[in-house]
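Trainee: I should be grateful for a close look at the interior of this protein, with attention to any enclosed space and to what surrounds it.

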Amino acid sequence: MDLMTTVTALGSALAGTGLGAFLSFKLGTRKQEKSEFVSIVNEYKGLMEGYKKEVDSLRQEIVNVQLNLNKTNISLLASDKEIANLRNQLMIFESANADVPVPIWLKDTQGVMLFVNEEYERAVLHPINKTSEDYVGFTDSNVWSKKVSKQFQSHDKEVMRKKTSVEFTETWEGNNGITFEGRVLKYPRFMGGARKTVIGIGGIILDIKQIQQNKLN
């Protein structure tokens with residue numbers, strides 16, 4: 001017979017006495033303490049389960065972040081390859097088109113001018129007292145007024161979005177208040193493969209004419 005059973009039997013035998021009442025009270029108190037202890041243990045177990053789930057969730061988030069970082073690194077490596085590919089194409093483009101008697105240029109997808117041929121420099125830049133050194137390595141906003149730059153950039157973005165050649169009529173200012181109008185064919189430059197990734201914008205000015213005094217600024 002264990003202690004609890006003995007105390008219970010003794011409490012029953014002495015139920016009519018003051019000692020029996022005391023023992024019954026103490027026994028009830030022990031049962032209540034045991035019940036409270038069980039509740040605390042169960043609550044602790046519940047908290048531990050919740051903690052474990054939170055830890056598992058955090059671990060999964062860390063895995064996801066690592067996966068995203070890996071994807072970003074892969075994307076950056078792909079971008080580096082695309083840039084190198086574009087630079088290689090540019091060397092071929094320069095050697096093949098430098099002496100073509102029409103204005104030709106090439107930009108990257110951020111709008112930075114990579115190349116202008118001699119005819120572009122003569123027909124478009126010289127009238128505003130600029131040379132290729134003022135344009136290559138810079139964007140439209142470094143050379144042209146805000147309105148002209150916005151026009152050029154809008155057309156460039158349209159070509160990148162459509163991924164096909166588009167002909168535009170563009171206007172730009174020259175010196176002494178002269179405005180020029182050009183019929184311009186813009187076309188995307190692609191990286192090889194099925195992805196059809198646009199890595200640059202090429203342009204050919206098919207025709208230029210003087211149209212009016214400058215009202216673009």
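Mentor: The account below begins with the overall fold and then turns to the enclosed space, the hairpin beside it and one buried side chain.

The model is a predicted one. Its secondary structure comprises five helices and five strands, arranged along the sequence in the pattern α-α-β-β-α-α-α-β-β-β. Of the 217 residues, 31% count as buried. Among contacts with a separation of 6 or more, 46% are between residues 24 or more positions apart.

As to enclosed space, the count comes to one cavity of 30 Å³ or more. The largest cavity holds about 90 Å³ of space. Its lining consists of Trp105, Lys107, Met113, Tyr120, Val124, Tyr135, Phe152, Glu170, Trp172, Val184, Lys186 and Ile205. Two or more of the lining residues come from each of strand S1 (104-107), H3, S3 and S4. By residue class, the lining divides into nine nonpolar and three charged residues, with no polar ones. The charged residues of this lining are Lys107, Glu170 and Lys186.

Two of the contributing elements, S3 and S4, deserve a description of their own. Strand S3 spans residues 166-173 and is mostly covered, with six of its eight residues buried. S3 runs antiparallel to strand S4 (residues 178-190), and eight bridges join the two. Within this pairing, Phe168 of S3 stands opposite Val184 in S4; Val184 also belongs to the lining of the largest cavity. The two strands form a hairpin with four residues between them. In the turn, Asn176 has a positive phi of about 55 degrees.

A further part of the interior concerns another asparagine, Asn117, in the loop between strand S2 (113-116) and helix H3 (118-125). Helix H3 is again one of the elements that give two or more residues to the cavity lining, and Met113, at the start of S2, is also a lining residue. Asn117 has a relative accessible area of 1%, and is therefore classed as buried, the cut-off being under 20%. What does the side chain of Asn117 reach? One partner is the backbone oxygen of Val102, at 2.8 Å. In addition, a polar atom of the Asn117 side chain lies 3.2 Å from the backbone oxygen of Val100. The side chain of this buried loop residue thus has polar partners in the backbone of Val100 and of Val102.

Conventions:
Residues numbered from 1 in each chain as written. Predicted model: local features only at pLDDT ≥ 70, side-chain atom pairs only at ≥ 80, totals over all residues. Heavy atoms only, no water. Buried < 20%, exposed > 50% of the residue type's maximum accessible area, 1.4 Å probe, protein only. Polar contact = N/O pair within 3.5 Å; in protein donor to acceptor, adjacent residues only side chain to side chain. Pairing = 2+ DSSP bridges. 1 Å grid on protein atoms, 1.4 Å probe; cavity = no way out; pocket = protein on both sides within 12 Å on 5 of 7 lines; lining within 4 Å. Points joined across faces, edges and corners; volume = space filled by probe spheres on them. Contact = heavy atoms within 4.5 Å.
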